[in-house]
Amino acid sequence: MIQNNVNLKPFNTFGIEAFAAGFAQFSSISDLKSILENNYLNQLLILGGGSNVLLTKDFDGLVLKNEIKGFKIIDETEESIIIEAGAGENWHEFVMKCIDNGFAGVENLSLIPGSVGASPMQNIGAYGVELKDVFHHLSAFHIESQEMHTFDKEACQFGYRESVFKTIYKGQYVICSVAFELSKSPKINTSYGAIESELKSKKIIEPTIRDVSNAVISIRQAKLPDPKVIGNAGSFFKNPVVEESLVQQIQVNYPDVPNYPASVGRRKLAAGWLIEQAGWKGKTFDTFGVHNLQALVLVNYGGSSGNQVYNLSSEIINSIEEKFGVTLEREVNIL
Ligand code: FAD
Ligand code: EPU
């Protein structure tokens, strides 16, 4: 069941070569338990679609790829429905299934790569919606006690690209299923400017959830590189949330700096804009670089190491700090 010395290149969307001392897939909790019982390697890494990781070295432990499937209705009212999906389901296929069934709420999150199980990890978000807006609860296997625990929304402490699974419980749980509360009558969210203009260009006045999904897919395909063609993990950095006073300082030289309301006294800046202004957009260094259509995305054109990409990210962080006084934080999980 456990394979040794496995190349992880096909299992990460950056397409980076790194070897795992042990590798196994599991498709049920009992599978997982029996792998762990016989496991002689201490270190564990749970992998979904590998679309939010950067492998900077070989992994001297056991990589477990989550393949738990399932899509079932667990509760229903006239207005809403609660769907439980297996952690190993592909996220976009899950979204498509919801749309096919007329269940609204996840359409703005179309075409995000990866698995259902990783979606709560960083509270995935796009085009005006975050996972927390549709999240009901999740079931996770606690590795040390071998017990199943249930987490409701409050227990997950979701924030912008954050949850307890990235912070206090990092590495302690295997998320096995996620339950979503979706609406039977669509509440269309076209608040993100780009969706409105995309719908307008298609002359759609009263969009359905599928229209919104198609609009999101078109916008994403126009600027985000397809990992099947160019290795990447989406936004490499988070959009920084900074003091209002710093935004005002930047506005002296850059009156058009994009910025959005965040918490009281703080605003969110667009990291892609900062990186572009600092001259990084489209820069290529042999086999890796900064994407030419979206400066927030670092890319591997083939054959680069995780360290080369990591070092580029450090250079970008230093340059943005120097130019704008803003500290960028990596969004991608560095392994
Ligand atoms: P992986 O990369 O396999 O894992 C990510 C982390 O979660 C790792 O630390 C891993 O150990 C942990 N993990 C994974 N599964 C489990 C589990 N079942 N239990 C416990 N821990 C687990 N993200 C957004 O939020 N919004 C976007 O718009 C977006 N766009 C993207 C576009 C592109 C082209 C790409 C390549 C990525 C994009 N991402 C985006 C990032 C990525 O798709 C998401 O973070 C996604 O949820 C990662 O899923 P995964 O299954 O690939 O996770
Ligand atoms: N911008 C530039 N230059 C660039 C990129 C962006 O000037 O090269 C400007 C845009 O013109 C716009 C602003 O930055 O004014 C925001 O750009 P965009 O709408 O493309 O979104 P983003 O902030 O770059 C975030 C998420 C994406 C998510 C999109 C849509 C983060 C870190 N990234 O990107 O998530 O899909 O919004 O909601 O929050 C991911 O997490 O991997 C990811 C792709």
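Q: In which loop of this predicted model does Gln146 lie?
A: Gln146 has a phi near 65°, a positive value in a residue other than glycine. Most residues other than glycine have a negative phi. As for its place in the chain, Gln146 lies in the loop between β10 (135–142) and β11 (147–152).

Q: Is Gln146 buried, partly exposed or exposed?
A: Buried residues have under 20% relative accessible area and exposed ones over 50%, with partly exposed in between. The relative accessibility of Gln146 is 30%, so this residue counts as partly exposed.

Q: What is the phi of Leu111 near?
A: Leu111 is found in the loop between α2 and β8 (125–126), and because its relative accessibility is 26%, it counts as partly exposed. Leu111 is a residue other than glycine, yet its phi is positive, with a value near 65°.

Q: Is helix α2 roughly parallel or roughly antiparallel to helix α5?
A: The axes of helix α2 (residues 91–100) and helix α5 (residues 209–223) come within 10 Å and cross at roughly 155°. Because angles over 145 degrees count as roughly antiparallel, the relation of α2 to α5 is roughly antiparallel.

Q: How many nonpolar residues does the contact of α2 with α5 have?
A: In this left-handed crossing of α2 past α5, the residues His92, Met96, Ile99 and Asp100 of α2 meet Ile209, Arg210, Ser213 and Ile217 of α5. Sorted by class, the contact has two charged residues and two polar ones, while the number of nonpolar residues is four.

Q: What is the order of the strands in the open sheet with mixed pairing?
A: Strands of a sheet pair through backbone hydrogen bonds, either parallel or antiparallel. Here β1 and β2 pair in the antiparallel sense over four bridges, whereas β2 (residues 19–26) and β5 pair in the parallel sense over six bridges, and four bridges join β3 (residues 44–47) to β5 in a parallel run. The open sheet of four strands therefore has mixed pairing, and its order is β1-β2-β5-β3.

Q: Which residue is the bridge partner of Val6 in β2?
A: Two other pairs face β5, with Gly22 standing opposite Leu62 and Leu47 standing opposite Lys65. For Val6, the bridge partner in β2 is Ala20.

Q: How many of the eight residues of strand β5 are buried?
A: Strand β5 (residues 59–66) is largely enclosed by the rest of the structure. The reason lies in its residues, because the number of them that are buried, out of eight, is seven.

Q: Which strands stand at the edges of the sheet with the order β13-β19-β18-β17?
A: This open sheet of four strands has antiparallel pairing. Each edge strand has a single partner strand, so one side of each is left without a neighbour in the sheet, and the strands at the edges are β13 (231–235) and β17 (284–285).

Q: Which residue in β18 stands opposite Thr284?
A: Strand β17 is joined by two bridges to strand β18 (residues 288–290), and the two run antiparallel. Opposite Thr284 in this pairing stands Gly289.

Q: At about what angle to β18 does helix α8 run?
A: Helix α8 (residues 306–324) lies across three strands, namely β17, β18 and β19 (297–300). The angle at which α8 runs to β18 is about 30°.

Note on methods
Residues are numbered from 1 along each chain as its sequence is written. Chains are lettered from A and ligands numbered from 1 in the order in which they are written. This is a predicted model: local features need pLDDT of at least 70, side-chain atom pairs count only at pLDDT 80 or more; totals for chains, interfaces and linings use all residues. Side-chain values use heavy atoms; hydrogens and water are left out. Axes are lines fitted to C-alpha atoms, for helices over the stretch in contact, and angles run from 0 to 180 degrees between N-to-C directions. Angles under 35 degrees count as roughly parallel, over 145 as roughly antiparallel, 65 to 115 as roughly perpendicular and the rest as oblique. A crossing is left-handed if the near helix is turned anticlockwise from the far one by less than a right angle, and right-handed if clockwise. Contact means heavy atoms within 4.5 Å. Ala, Val, Leu, Ile, Met, Phe, Trp, Tyr, Cys and Pro count as nonpolar, Asp, Glu, Lys and Arg as charged, and the others, Gly among them, as polar. Buried means under 20% relative accessible area, exposed over 50%, partly exposed in between (1.4 Å probe, protein chains only). Two strands pair if DSSP finds at least two bridges between them.
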